[in-house]
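This briefing introduces one protein structure to a reader who has not met it before. Please keep the sequence and the three-dimensional view at hand while reading.

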Amino acid sequence: MTVTPAQARKLALSFEDTEERPHFDRFAFRTPRKTFATLAGDGSDINLMFDGALQELYCEQVPEAFAPVPGGWGKMGATRCDLKNVDKVTLQSALKAAHELAKPLPKKPRRK
């Protein structure tokens, strides 16, 4: 039931228009619009940038793996995922959900 840091990185990078960048002591995975996940430098966890509803869902369904990040970031939806307590399918689902929230917004038509 453990996901390795290499597997987590590969899953995060599998989504369209995703790139990896350094982010303090973590590695950020982002779309052109914004970051949707950060992997700890030591590979112990990955933080997912959810909205409140997704955070509640994952924390309720898989409490051994998901918990709000302490403090203000957690109140804004940032959710920690312990890689030792999550399976690959669940992490892929969580990453996909976070990626969907970070996709670029559709362009509005110009007004004439």
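Asn47 is buried, with a relative accessible area of 13%, because the cut-off for a buried residue is under 20%. The residue belongs to strand 4. The model described here is a predicted one. The points below begin with the surroundings of Asn47 and then turn to the protein as a whole, its other strands, its loops and a helix.

**Asn47 and strand 4**

- Strand 4 covers residues 45-49 and is mostly covered, with 4 of its 5 residues buried.
- Apart from neighbours within four places in sequence, Asn47 is in contact with Arg26, Phe36, Ala37, Thr38, Val69, Thr79 and Arg80.
- One of these contacts, Thr38, also stands opposite Asn47 in the pairing with strand 4.
- Strand 3, made up of residues 35-40, pairs with strand 4 in the antiparallel sense over 3 bridges.
- The hairpin of strand 3 and strand 4 has 4 residues between the strands, and Gly43 in this hairpin takes a positive phi near 75°.
- Strand 4 also pairs with strand 6, residues 78-82, again in the antiparallel sense and over 5 bridges.
- In this second pairing, Asp45 has Asp82 of strand 6 as its bridge partner.
- In a regular strand, side chains alternate between the two faces of the sheet.

**The protein as a whole**

- The protein contains 4 helices and 6 strands.
- Read from the N terminus, its elements follow the order α-β-β-β-β-α-β-α-β-α.
- The radius of gyration is 14 Å, close to the 13 Å that the globule rule gives for 112 residues, so the protein is as compact as a globular protein of that length.
- The C-alpha trace spans about 55 × 25 × 25 Å along the principal axes.
- Of the 112 residues in the protein, 42% are buried.
- Among contacts with a separation of 6 or more, 52% join residues that are 24 or more positions apart.

**Surface and charge**

- About 7100 Å² of the protein is exposed, and carbon and sulfur atoms supply 55% of this area.
- The protein carries 18 positive and 14 negative side chains.
- The centres of these two sets of charges lie 11 Å apart.

**Strands 1 and 2 and their turn**

- Strand 1 and strand 2 pair in the antiparallel sense, with 5 bridges between them.
- Within this pairing, Glu19 has Arg30 of strand 2 as its bridge partner.
- The two strands form a hairpin with 2 residues between them.
- Phe24 lies in the loop between strand 1 and strand 2, the latter made up of residues 26-30.
- The phi of Phe24 is near 55°, which is a positive value in a residue other than glycine.
- Phe24 has a relative accessible area of 78% and is therefore exposed, as the cut-off for exposed is over 50%.

**Two further loops**

- Asp17 is placed in the loop between helix 1 (5-13) and strand 1 (19-23).
- Asp17 likewise has a positive phi, near 60°, although the residue is not glycine.
- Ala65 is found in the loop between helix 2 (52-61) and strand 5 (66-68).
- At 3% relative accessibility, Ala65 counts as buried.
- Leaving out residues up to four places away in sequence, Ala65 touches Arg80, Cys81, Asp82, Asn85 and Val86.
- Asp82, one of the residues that Ala65 touches, is also the bridge partner of Asp45.
- Arg80 is in contact with Asn47 and is touched by Ala65 as well.
- Ala65 and Lys34 are 31 residues apart in sequence, and their C-alpha atoms are 24 Å apart in space.

**Helix 4**

- Ser93 has its place in helix 4, which covers residues 88-102.
- At 37% relative accessibility, Ser93 counts as partly exposed.
- From C-alpha to C-alpha, Ser93 and Gly77 are 16 Å apart, with their positions 16 residues apart in sequence numbering.

Technical notes:
Residues are numbered from 1 along each chain as its sequence is written. This is a predicted model: local features need pLDDT of at least 70, side-chain atom pairs count only at pLDDT 80 or more; totals for chains, interfaces and linings use all residues. Side-chain values use heavy atoms; hydrogens and water are left out. The radius of gyration is taken over C-alpha atoms; the globule rule is 2.2 Å times the number of residues to the power 0.38. Buried means under 20% relative accessible area, exposed over 50%, partly exposed in between (1.4 Å probe, protein chains only). Contact means heavy atoms within 4.5 Å. Accessible areas come from the Shrake-Rupley method with a 1.4 Å probe; for residues, only the protein chains shown count as cover. Lys and Arg count as positive and Asp and Glu as negative; His and the chain ends are not counted. The place of a charge is taken as NZ of Lys, CZ of Arg, CG of Asp or CD of Glu. Two strands pair if DSSP finds at least two bridges between them.
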